[in-house]
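Colleague: I'd like a close look at one helix pair in this model, please. Start with how the two helices sit against each other, then work outward to whatever else deserves a glance.

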Amino acid sequence: MLNSNVIRVFDPWRKGSLCTCPFKYTVNVYTGCGHRCIYCYITSYIRDAFNPRPKKDFIRLVMRDIQKIPASSIIDVSTSSDPYTPPEEKLGLTRKLLGLIMKNFRVKILTKSDLVVRDIDILKRGSSIVSMTITTMDERVAQIIEPYAPSPSKRIKALSMISKYGIPTILRLDPILPFVNDSEKNIRNIIRDASKAGVKHIVSSTYKAKPDSLARIIRSFPDLGEKYRDLYIVKGSRIHGAYYLSKKIRLDLMRKVKEIASDYGLTFATCREGLVSLHDKGTICDGSHLFKAFNR
Ligand code: SF4
């Protein structure tokens with residue numbers, strides 16, 4: 001198996017879990033991520049996680065690993081760091097990776113950075129999808145929760161540009177944080193702007209609390225400390241080492257996103273919620289159905 005390599009089988013939740021992703025591979029160009037989102041979960045398993053560093057010998061290892069993967073496999077770039085984390089602008093390692101994998105594989109980019117538009121020339125040559133995370137259109141809130149990521153308006157512009165090249169785009173409205181970005185107004189603003197930018201599918205998810213990310217959230221929003229402890233620790237449930245909101249709250253939040261997505265004619269699915277009944281027919285939660293829908 002490929003799990004000792006840089007291109008790995010995407011596996012984290014598959015065994016009896018709430019993950020509904022199809023079989024696919026994932027590759028992280030960097031260890032750690034410089035966007036420093038306060039809710040980020042990688043700090044629970046990556047040392048010095050907010051200090052992104054390129055993987056040693058990365059390109060050589062990619063060249064070795066792609067020999068072992070069946071053609072047309074889906075490769076997610078990336079799931080444990082942003083492939084367009086700040087050092088990428090200078091290092092160009094994600095760009096080099098795309099140059100190697102675009103021809104034979106289906107590539108799904110997951111990012112929060114408008115730097116992805118730099119690589120449209122490569123992405124448009126093969127089978128690609130770009131999934132952009134936007135959690136708020138309020139620049140002030142974004143500055144607090146995603147301090148080193150490009151602004152939401154830059155991300156929307158990037159989506160618009162990518163869509164114009166015929167590359168399918170997805171909005172990840174993830175995570176939804178109670179009392180921070182869960183208002184109907186905020187969700188509607190994001191979905192409206194994403195829809196105008198050509199997005200076809202929405203993936204959403206509620207925040208799952210781990211001690212390190214919860215501590216950062218409470219440091220940033222001290223008034224939420226008691227409320228979060230009550231919602232997550234007292235009334236929530238512990239699943240796979242994280243505290244989830246109660247099922248009722250998660251259902252209410254996800255239904256709200258689904259309804260607004262439907263107002264704009266966009267398909268909807270959830271991520272790691274176990275709420276498959278909310279997923280629109282014909283969709284795959286991570287948006288990979290768009291490869292087929294767009295003949296890519
Ligand atoms: S962009 Fe993703 S990986 Fe990077 S800090 Fe934010 S949540 Fe973590």
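**The α7 and α10 pair**

Modeller: α7 and α10 are oblique to each other, a word that covers whatever is left once you take out angles under 35 degrees (roughly parallel), over 145 (roughly antiparallel) and 65 to 115 (roughly perpendicular). Bear in mind that this is a predicted model, where local features need pLDDT of at least 70 and side-chain atom pairs count only at pLDDT 80 or more, while totals for chains, interfaces and linings use all residues. Residue numbers start from 1 along each chain as its sequence is written. Element names follow DSSP runs numbered from the N terminus, with helices being H or I over at least four residues and strands E over at least two.

So, the pair itself: the axes of α7 (residues 184-196) and α10 (residues 247-263) come within 10 Å and cross at roughly 40 degrees. Those axes are lines fitted to C-alpha atoms over the stretch in contact, and the angle is taken between N-to-C directions on a scale from 0 to 180 degrees. The crossing is right-handed, that is, the near helix is turned clockwise from the far one by less than a right angle; anticlockwise would be left-handed. From α7, the residues involved are E184, I187, R188 and I191, and they meet K256, V257, I260 and A261 of α10; contact here means C-beta atoms, placed from the backbone, within 7 Å. By class, that contact has 5 nonpolar, no polar and 3 charged residues, where Ala, Val, Leu, Ile, Met, Phe, Trp, Tyr, Cys and Pro are nonpolar, Asp, Glu, Lys and Arg are charged, and the others, Gly among them, are polar.

E184 deserves a second glance. It belongs to α7 and is exposed, with 10 Å around its C-beta taking in 11 other C-beta atoms; the cut-offs are 20 or more within 10 Å for buried, 12 or fewer for exposed, and partly exposed in between, with C-beta atoms placed from the backbone. E184 also sits 9.4 Å from L253, C-alpha to C-alpha, with their positions 69 residues apart in sequence.

For another pair, try α1 (residues 58-65) and α3 (residues 93-101), whose axes come within 11 Å and cross at roughly 20 degrees. That makes these two roughly parallel. This crossing is right-handed. F58, I59, V62 and M63 of α1 meet L93, K96, L97 and L100 of α3, giving 7 nonpolar, no polar and 1 charged residues.

Finally, some backbone oddities. Most residues other than glycine have a negative phi, and most peptide bonds are trans. R272 has a positive phi, near 50 degrees; it lies in the loop between β12 (267-270) and α11 (289-293) and counts as buried, with 22 C-beta neighbours inside 10 Å. D48 also has a positive phi, near 50 degrees, but D48 is exposed, with 10 other C-beta atoms within 10 Å. A cis peptide bond joins D174 and P175, omega about 5 degrees, and P175 is in strand β8 (residues 169-176).

Note on methods:
Two residues are in contact if their C-beta atoms, placed from the backbone, lie within 7 Å.
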